[in-house]
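Here are some friendly notes to read alongside the model. They go point by point, starting from a single residue and working outwards.

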Amino acid sequence: EVIATRQQSRRNPAWAIAAGLALLLISVLAYINLSGTDSAQELTLAYLEPYPDILTSRAEGAATIDLSAYNRGDFTQAAAVLEPAYAQNPEVLTGLYLAVSYLHTNHAGPALQLLQQLEAPASLQTDILWYTALAQVQTGELEAARATLTVLVSQPGPYAAKAQHILEVL
């Protein structure tokens, strides 16, 4: 009986071929999906630039928040300065600088959480959307990132071409 079953399996290997093809297809799709995510994450790091310091030019901003570490690119120190400043006075620009500092120090989760809490005035909405999209890609929230990037592509501004490029990779 065992011999008959083995002989029958050898005569009808269609199930084995189908299983092998399905496994191959799944492997190829997983590789494509994962390599696209890696490329998108690398691209977001390449596009990650500090938000310009517009507080230092304001007298009240210069007196209340020290952005010198941020301006030198020391984002770990900048976050250490900005965290208590934002906790004491949660202004949108302070939150944006803190979120960008988080992104530069590979803390995309806290950056995304903070960016999603900011109530941005119209003048900062595009900037906050941009950094939100970068954080979404970095945290693996790809569907949300696609939606955010699509909004950015539809708006004229400094981020449209970069957003389109990331969308093409995702």
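1. Leaving aside its neighbours within four places in sequence, which residues is Thr132 in contact with? Thr132 is in contact with Leu112 and Leu115, where contact means heavy atoms within 4.5 Å. Thr132 belongs to helix H8; helices (H or I, at least four residues) and strands (E, at least two) are DSSP runs, numbered from the N terminus. With a relative accessible area of 8%, Thr132 is buried. Here buried means under 20% relative accessible area, exposed over 50%, and partly exposed in between, with a 1.4 Å probe and protein chains only. The Thr132 side chain also reaches the backbone oxygen of Ile128, at 2.6 Å.

2. A word on the ground rules. This is a predicted model, in which local features need pLDDT of at least 70 and side-chain atom pairs count only at pLDDT 80 or more, while totals for chains, interfaces and linings use all residues. Residues are numbered from 1 along each chain as its sequence is written, and side-chain values use heavy atoms, with hydrogens and water left out.

3. Now the overall picture. The chain has 10 helices and zero strands. Of its 170 residues, 35% are buried. Taking contacts between residues at least 6 apart in sequence, 53% join residues at least 24 apart.

4. The core deserves a look. The largest nonpolar core has 44 residues, and Tyr51, Trp130 and Tyr131 are those with the most contacts inside it. Such a core is a set of buried Ala, Val, Leu, Ile, Met, Phe, Trp, Tyr and Cys residues joined through side-chain atoms within 4.5 Å. At least two residues of this core come from each of H2 (14-47), H4 (68-72), H5 (75-88), H6 (92-104), H7 (108-117), H8 (125-138), H9 (142-154) and H10 (160-169). H6 gives the most, with nine residues.

5. Please centre your view on Tyr131 for a moment. Not counting neighbours within four places in sequence, Tyr131 is in contact with Leu48, Glu49, Pro50, Tyr51, Leu96, Val100, Leu103, Leu115 and Tyr159.

6. Next, the pairing of H7 and H8. Two packed helices are described by the angle between their axes and the distance between the axes. H7 and H8 pack at an angle of about 145 degrees, with axes 9 Å apart; axes are lines fitted to C-alpha atoms, for helices over the stretch in contact, and angles run from 0 to 180 degrees between N-to-C directions. H7 passes H8 in a left-handed crossing, a term for the near helix being turned anticlockwise from the far one by less than a right angle. On the H7 side the contact uses Ala108, Leu112, Leu115 and Gln116, and on the H8 side Ile128, Tyr131, Thr132, Ala135, Gln136 and Gln138. By class there are six nonpolar, four polar and no charged residues. In this count Ala, Val, Leu, Ile, Met, Phe, Trp, Tyr, Cys and Pro are nonpolar, Asp, Glu, Lys and Arg charged, and the others, Gly among them, polar.

7. Gln138 of H8 is partly exposed, at 24% relative accessible area. Beyond its neighbours within four places in sequence, Gln138 is in contact with Gln41, Thr44, Leu45 and Ala108. The C-alpha atoms of Gln138 and Leu112 are separated by 9.3 Å, with the two positions 26 residues apart along the chain taken as their spacing.

8. What about H5 and H6? Their axes come within 9 Å and cross at roughly 145 degrees, and the crossing is left-handed. The contact includes Phe75, Ala78, Ala79 and Leu82 of H5, and Ser101 and Tyr102 among the residues of H6. Its residues divide into nine nonpolar, four polar and one charged.

9. Two H6 residues are worth inspecting. Ser101 is buried, with a relative accessible area of 0%, and touches Tyr70, Phe75, Ala78, Ala79 and Leu82, not counting residues up to four places away in sequence. Tyr102 is buried too, at 14%. Outside its neighbours within four places, Tyr102 is in contact with Ala79, Glu83, His107, Ala108, Pro110, Ala111 and Leu114.

10. Lastly, a backbone point to check. Most residues other than glycine have a negative phi. Asn106, in the loop between H6 and H7, has a positive phi, near 60 degrees. Asn106 counts as exposed, at 62% relative accessibility.

Definitions and conventions: Polar contact = N/O pair within 3.5 Å; in protein donor to acceptor, adjacent residues only side chain to side chain.
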